[in-house]
Amino acid sequence: MSNEDGRQDAEQKEMASKAYADVHQDEEEAAKGTTRLKIFRGDAEGGSEVEYELPLIEGMVVLDAVLYVQAHQAGDLAVRWNCKAAHCGSCSAEINGKPKLLCKTRVEEYEGQEIRVHPMRAFPVIKDLVSDVSWNYEVARSTIPFQSDEQAPFIMYEEDVERLYEPKKCIECFMCQDVCHVLRTHHKHPEFAGPRSFVRNQWLEMHPKDIESRVEWLKEGRGGIGYCNITKCCTEVCPVDIHITDNSIIPLKERVADEYYDPAKWLMRKIRGRRSPKTGQIVGRNGNRNGG
Amino acid sequence: METNGSRYSHEVREHDVLIIGAGGAGLRAAIAATERGLSVGVVSKSLLGKAHTVMAEGGVAAALGNVDPDDGWQTHFMDTLRSGKFLNNWQMVETFTKEAPDRVYELEQWGALFNRTEEGKISQRAFGGHTYRRLCHVGDRTGLEMIRTLQERTLATDTRVYMETTVTRLFKNDEGRVVGALAYTRESGRFIHFKAKAVIMATGGWGRIYKVTSNSWEGTGDGCVLAYDAGAELVDMEMVQFHPTGMVWPPGVRGLLVTEGVRGEGGVLRNSEGERYMENYDPEKMELSTRDVVARANYTEVTEGRGSPHGGVYLDITHLGYNGIMKKLPTMYEQFKNLADIDISQEPMEVFPTIHYVMGGIKVDPETCETNVPGLFAAGESAGGLHGANRLGGNSLSDLLVFGRRAGEGAAEYVKSNGYSTEIDSSQLDTEKQRVLEPLERQDGENPYELQQQVQEAMMEHANLMRNEDSLREGLEKILAVKERVPNVKAQGSTLFNPGWHTAQDVRYLTQISEIILCTALQRTEQRGAQWRLDYDGPDDELGKINFIVKKDEQGEIGIERREIPPMPEHLSRLFDEG
């Protein structure tokens, strides 16, 4: 073997060792003692809290803890999650009675306290930490969708659309729905669309190229915005910091008030049907091509 | 509701087109097929709007030329092929680059909002491997904007969405056409027999075969394996993309994506010695080199001992300042602040490659997205061919739109011109229901979570971004050992929302896909794009002319064919001569 070959061989060997990636630089090493978690176990028929003990790993979020229990102690423990990065809004549940994204809530935040994890309460429980949120999608289906009479590409300037970015951040975690007392306490699900829906209606109403009006839907239709008495509970729980009450609900309420309680507009509506506040076009009484 | 007389009842749902998967590709396909007046059902393992599309941050690549007027489909075409090391299906790339702009404008027509230029047009940002600023974006949450727009558009149609429903098998009729599927609802375990004249796979990728990944639990490769079982050809399965920048600390968030938008906005990579090391790997493109190159650079710096305390490299965006970051990369700011106690406007991030995307997948017709199995279509990440050996950032979102629509239209065309029976022999149904329920009925057996973990660790160790024959063979042995145990998994509890039972289904997909990846990675004995064999030097020109095509053979084993890539027609090859 020549020197040249020998060197290549040695290089090859050293390089080749990198084809085995290190997978065992482990979580276990980062364990800092143990932690305890009380998790609701049960279904629509009822249930109770069960306590689990598990290794506490540095930086661990409550979702990590729940998934650890699932993999090692209770294989059928039901929990929803997807992205694990607070982008998808799947892992909403209640920790010590408050709605939280499990993936964004660190276990260390509760040092010296109990951690009690329950499903969201404003919706029917399916099993363990999973509740039936399908109602939110029914509300979404009834919402009057975006409609423009212009052909894209649109010319729109930053200053025209800036205020739309905030409501469009919504990740549909439904925690605002969960905490809203109109739904949570008074169960007005059939006649109140809830904060999530108002956030969507806000950007739709304020989009410079949209020609629909949702005022009637909000006031007399599925929206039921009058039920909201702006207690700001929704704003407080929003994980992406949407100022739901100030920036979504109040402007929509103002729009409703303008349309309904301005006597001139009221008379006009009686005589001619409703006029879109944005375009001045007269739109149908129902305004919704897809059924409300 | 219709049931049969067997032990376990099931519902029957009939649609012209059944779409499996409700991410960007599935929803765009649903809109296309519904617009053609067909009855469409969309099945999703998760709730609507939670698909992995939501995690795409950087943007949608389309040559609008809003910021750099010289951009056009031709440049996008060349960038995509160069990045894919010419393994791409050039016909798909041509269609893709020509149609992407219209698909973006269509989203705007449906209410999507992108950041604007001073002239009021859609703004575009720089990204790795793209010659011009090409990614249409809204901050760092472009995927959210896209899936929300498609979801709202879908809900405004008659498309029927079956949320939290898992498909376990495709059914074929006597003629060998795909005519439906069996599924169960995750909530209760109730079976549904979907009768459909055509089925579209839009099930995404399989990052969950690895321990550290940016993928959610859903990315288990169901669609790819179901199609393979039905006789479909797969292409480029050895090609797995490692995103150069995933989070490394704390342990719970290891692998979480740090958007390429950070580098697009001028983020700089440094090692522990403070060296801007990309100069040694790609002095021309630096941090904005293609993902395969940057990922290998980051991996190499760490393995050669120039890494950060938690085993990463440093990614620095502090030059943008707090206000700039909150405008361009607000999600990243929040992610690091909340999960790692790091203020990225003050200090650099620690990052390391994370498994992000699969270039390989179900082989489809470039025009209609039909597979070699009649009645079966595929689009999005679950399909292969567009990206070749390495995907450019931003090309996946436009892929979903362009080929999602084409699959929807292709399936609609197929349904309208064919009147095949969707009837199948009822014994097919009974056998499958029995198989799906076995993990619950077995007295004892293997823990599905343990098998899952063993697959993930084996793939992490042996099919990482540097590979060699010994390691791949060792990985294959480990995977085959797990595969043998899969038929003996045991799930505790009932069919009521039971993740253990769901995981018992998934491990079959994980082992099958892993085996296919290892076998093809053993055959591609060269360094090309994402496939980097340390026991071979550089690219092999002969292997550059072929794709590895995988198909289940008559014995039920993995059959691998070397299929020549047809030569590019003159109007396309000329572009490279000129440019």
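In this predicted model, one helix pair of chain B makes a good starting point: B:Glu469, B:Leu472, B:Gly475, B:Leu476, B:Ile479, B:Leu480, B:Val482 and B:Lys483 of α13(B) meet B:Thr511, B:Ser514, B:Glu515, B:Leu518, B:Ala521 and B:Leu522 of α14(B). Sorted by type, the residues of this contact come out as eight nonpolar, three polar and three charged. As for geometry, α13 (residues 469-485) and α14 (residues 499-523) of chain B pack at about 155°, and their axes sit 9 Å apart. Since angles over 145 degrees count as roughly antiparallel, that puts α13(B) roughly antiparallel to α14(B). The crossing of α13(B) past α14(B) is left-handed.

Helix α14(B) turns up again at a sheet. This one is open, has five strands in the order β17-β15-β10-β20-β21 (chain B), and mixes its pairing. At the edges are β17 (383-384) and β21 (558-564) of chain B, each of which pairs on one side only. Helix α14(B) packs on the sheet and touches β10, β20 (546-552) and β21 of chain B, with its direction at about 45° to that of β21(B). Over at the β17(B) edge, β15 (residues 361-363) of chain B runs parallel to β17(B), and two bridges join the two strands. One residue pair to look at here is B:Ile362 with its bridge partner in β17(B), B:Ala383.

Just past one of these strands comes B:Asp236, in the loop between β10 (234-235) and β11 (240-247) of chain B. Is this loop residue buried or exposed? The cut-off for burial is 20 or more other C-beta atoms within 10 Å; B:Asp236 has 30 C-beta neighbours inside 10 Å and therefore counts as buried. Leaving aside residues up to four places away in sequence, B:Asp236 touches B:Leu87, B:Met359, B:Gly360, B:Gly384, B:Gly388, B:Asn547 and B:Phe548. The C-alpha atoms of B:Asp236 and B:Ala389 are 7.5 Å apart, although 153 residues separate the two along the chain.

Another strand of chain B, β2 (residues 40-43), is covered on both faces: B:Val40 and B:Val42 are buried on one side, B:Gly41 and B:Val43 on the other. In a regular strand, side chains alternate between the two faces of the sheet. Strand β2(B) has parallel partners. With β1 (residues 10-20) of chain B, the pairing runs over four bridges, and B:Val17 has B:Val40 as its bridge partner in β2(B). With β6 (residues 160-162) of chain B, β2(B) shares three bridges, again in the parallel sense; here B:Gly41 stands opposite B:Arg160 in β6(B).

Then there is the contact between the chains, which takes 60 residues from chain B and 59 from chain A. On the chain B side, α3 (90-109), α4 (142-155), α9 (330-340), α12 (448-462) and α14 each supply at least two residues. Helix α12(B) gives the most to this side, namely five residues. By type, the chain B residues touching chain A split into 25 nonpolar, 21 polar and 14 charged.

Chain A itself has eleven helices and nine strands. Of its 292 residues, 43% count as buried. Among contacts in chain A with a separation of 6 or more, 64% come from residues 24 or more positions apart.

Note on methods
Residues numbered from 1 in each chain as written. Chains lettered and ligands numbered in written order. Predicted model: local features only at pLDDT ≥ 70, side-chain atom pairs only at ≥ 80, totals over all residues. Axes fitted to C-alpha atoms, helices over the stretch in contact; angles between N-to-C directions. Parallel < 35°, antiparallel > 145°, perpendicular 65-115°, else oblique. Left-handed = near helix turned anticlockwise from the far one by under 90°. Contact = placed C-beta atoms within 7 Å. Nonpolar A, V, L, I, M, F, W, Y, C, P; charged D, E, K, R; others polar. Buried ≥ 20, exposed ≤ 12 C-beta atoms within 10 Å, placed from the backbone. Pairing = 2+ DSSP bridges.
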